[in-house]
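Please look over the sequence and the structure shown below before reading on. The report that follows takes up a few places in the fold in turn.

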Amino acid sequence: MSERKHLIYDPARECMSRDELTALQNARLIETVKREYENVPMYRSRMDAKGIRPEDIHGVEDLKHLPFMDKRDLRDYYPFDLLAVPQSEIVRIQGSSGTTGKPIVSGYTRNDVDIWSEMMARTLTAAGCTKEDKVQVAYGLGLFTGGFGAYQGADRIGAMVVPMSSGNTQRQILMMKDLGVTLLCCTPSYATYLGETIRDMGLVPGRDIKLKAGCFGAEPWTEEMRIHLEELLGIDACDIYGLTEIAGPGVAFACLEKEGMHVNEDHVIAEIIDPVTEQPLPYGQKGELVFTTITKTGMPMLRYRTHDICYLTDKPCDCGRTFARMSRITGRTDDMLVIRGVNVFPSQIETVLVATQGVAPHYMLIVDRVNNSDTLEVQVEMTEEMFSDTVSHIEEVRRHITEQIRSVVGITAKVSLMAPKSMPRSEGKAKRVIDNRKL
Ligand code: DLL
């Protein structure tokens, strides 16, 4: 990894001084607010209602005065009423089913596709990608931004792109092997599935499979899962983050230091707010991530509430980039389960499961309400070795997981150990929770 470790796509930008960066952000923010106010009636009326005029915004310091935007706005003004340009300027539509069902779409101008490609080129380079690499895109290519984002970034670098889209797992592996693919882009849950299938096919990473790195994201995953994937595939696994409304993948990316994700701060301004009081929180404090785009022209987003929970840090990174970093996402404000009054994030359970010997990282949380009381069942798959172990050892593992969950989360869950390969596999964003209380 050493020769690839500190590759930087655009050092002039990614390593600029914080003062230069702030000056750039200030100028771009002022311009964005002005354009948004002039061209988007919804945002103009929202600013008017708060008594704010574009002239009141002098830079990042004034961001806190601006009204928020949220996924609801994309639904209420669906599909085109948040465009700041005529529809004829839009060259791409990308969409997302979102985590709560109804679709949302975002329109991108040529400029927006360009900056998104640049952000993804930075992202892949940070994982060690050069034009010598062969990049397999196993994110879905379609309305979902994952596939196109990865394709555009690799294309910008000049790497050899293998645009597989998601699914067709055996064929993915055949191409990976025959073409000597070196970098894989997909969700972490699909990477797990691919890794297991590679082994089931009798192939050995490092010998038959030449992967050296993966850019995984689009769904929450834990540090424990990263370590598991690195061992399974013999690679460096980098977290990448993004959302359709802002630009798709590449809004933030891990470098090979793997300590948080650098936010592309020359294109977006990140804030953390307290989700209840809506007040900005300082670096280091966990809260809801909010983005303001400062170069996007099609559908700019001002103080867009992501509902993702993390913290920001401006501590210098050994890679030399000066962009602040966001931590791994630990959950969403809307996927927090409240079970018998206790707040539970699926990621807490994942941490316990992935760290347990004898179970595979395939799990499902089933929440229900029985006799007026919430119940949580954690279904997790056993490994083949565990499955053929003694009944008493299996029971010991089950008790261990129950204990760990109680100590980490604070509630007693029913733990069900499932037969190997019995749980559904994900080719895209994994569904980990079934909350029957919502039915
Ligand atoms: O998932 C964009 C993407 C594609 C990111 C490929 C990374 C890789 P959406 O479908 O609009 O866009 O979903 C955005 O996914 O608000 C987070 O809740 C979640 N998410 C994205 N990346 C991560 C990540 C894409 N690295 C929503 N860790 C976001 C945790 C993530 N959650």
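What follows describes a predicted model, beginning with the ligand and its surroundings and then turning to a cavity, a salt bridge and two points of backbone geometry.

## The ligand and its shell

There are 21 residues around the ligand, and those that come nearest are D239, I240, T244, D308 and K429. By character, the residues of this shell divide into nine nonpolar, six polar and six charged. Strand 7 supplies the largest share of the shell, five residues.

Three polar contacts can be described individually. Two of them involve the backbone: a nitrogen atom of the ligand lies 3.1 Å from a backbone N or O atom of A218, and a nitrogen atom of the ligand lies 3.3 Å from a backbone N or O atom of E219. The side chain of D308, by contrast, places an N or O atom 2.6 Å from an oxygen atom of the ligand. On its own the ligand has 600 Å² of accessible area, of which the protein covers 96%. Two or more residues of the surrounding shell are given by each of two elements, namely helix 6 (145-157) and strand 7 (236-243).

## The backbone at A218

What is the sign of phi at A218, a residue that is not a glycine? The phi angle of A218 is positive, at about 85°. This residue sits in the loop between strand 6 (213-217) and helix 9 (223-233), and A218 is also the residue whose backbone N or O atom lies 3.1 Å from a ligand nitrogen.

## The cavity

A search of the whole structure for cavities of 30 Å³ or more finds one, and the volume of the largest cavity is about 60 Å³. The residues that line the largest cavity are D112, I115, W116, M119, I246, A247, H267, V268, T293, T295 and K296.

Which element gives the most to the lining of the largest cavity? The answer is helix 5 (residues 110-126), which gives four residues. Taken by character, the residues of the lining divide into six nonpolar, three polar and two charged.

## A salt bridge between helices

Over the whole structure, a search finds 35 salt bridges. One of them is formed by R46 and D73, whose closest N and O atoms are 2.8 Å apart. This pair links distant parts of the chain, with R46 in helix 3 (residues 41-50) and D73 in helix 4 (residues 71-76), the two residues being 27 residues apart.

## A cis peptide bond

Where the chain passes from Y78 to P79, the two residues are joined by a cis peptide bond, with omega at about -5°. P79 is placed in the loop between helix 4 and strand 1 (90-96), and helix 4 is also the element that holds D73, the partner of R46 in the salt bridge described above.

Methods
Residues are numbered from 1 along each chain as its sequence is written. This is a predicted model: local features need pLDDT of at least 70, side-chain atom pairs count only at pLDDT 80 or more; totals for chains, interfaces and linings use all residues. Side-chain values use heavy atoms; hydrogens and water are left out. A residue is near a molecule or strand if one of its heavy atoms lies within 4 Å of it. A polar contact is a pair of N or O atoms within 3.5 Å; within protein, one must be able to donate a hydrogen and the other to accept it, and residues adjacent in sequence count only if both atoms are side-chain atoms. Accessible areas come from the Shrake-Rupley method with a 1.4 Å probe; for residues, only the protein chains shown count as cover. Ala, Val, Leu, Ile, Met, Phe, Trp, Tyr, Cys and Pro count as nonpolar, Asp, Glu, Lys and Arg as charged, and the others, Gly among them, as polar. On a 1 Å grid over the protein atoms alone, a cavity is a set of points where a 1.4 Å probe fits but cannot get out, and a pocket is an open set with protein on both sides within 12 Å along at least five of seven lines; lining residues have an atom within 4 Å of a point. Grid points are joined across faces, edges and corners, and a volume is the space filled by probe spheres set on the points. A salt bridge is a side-chain nitrogen of Lys or Arg within 4 Å of a carboxyl oxygen of Asp or Glu.
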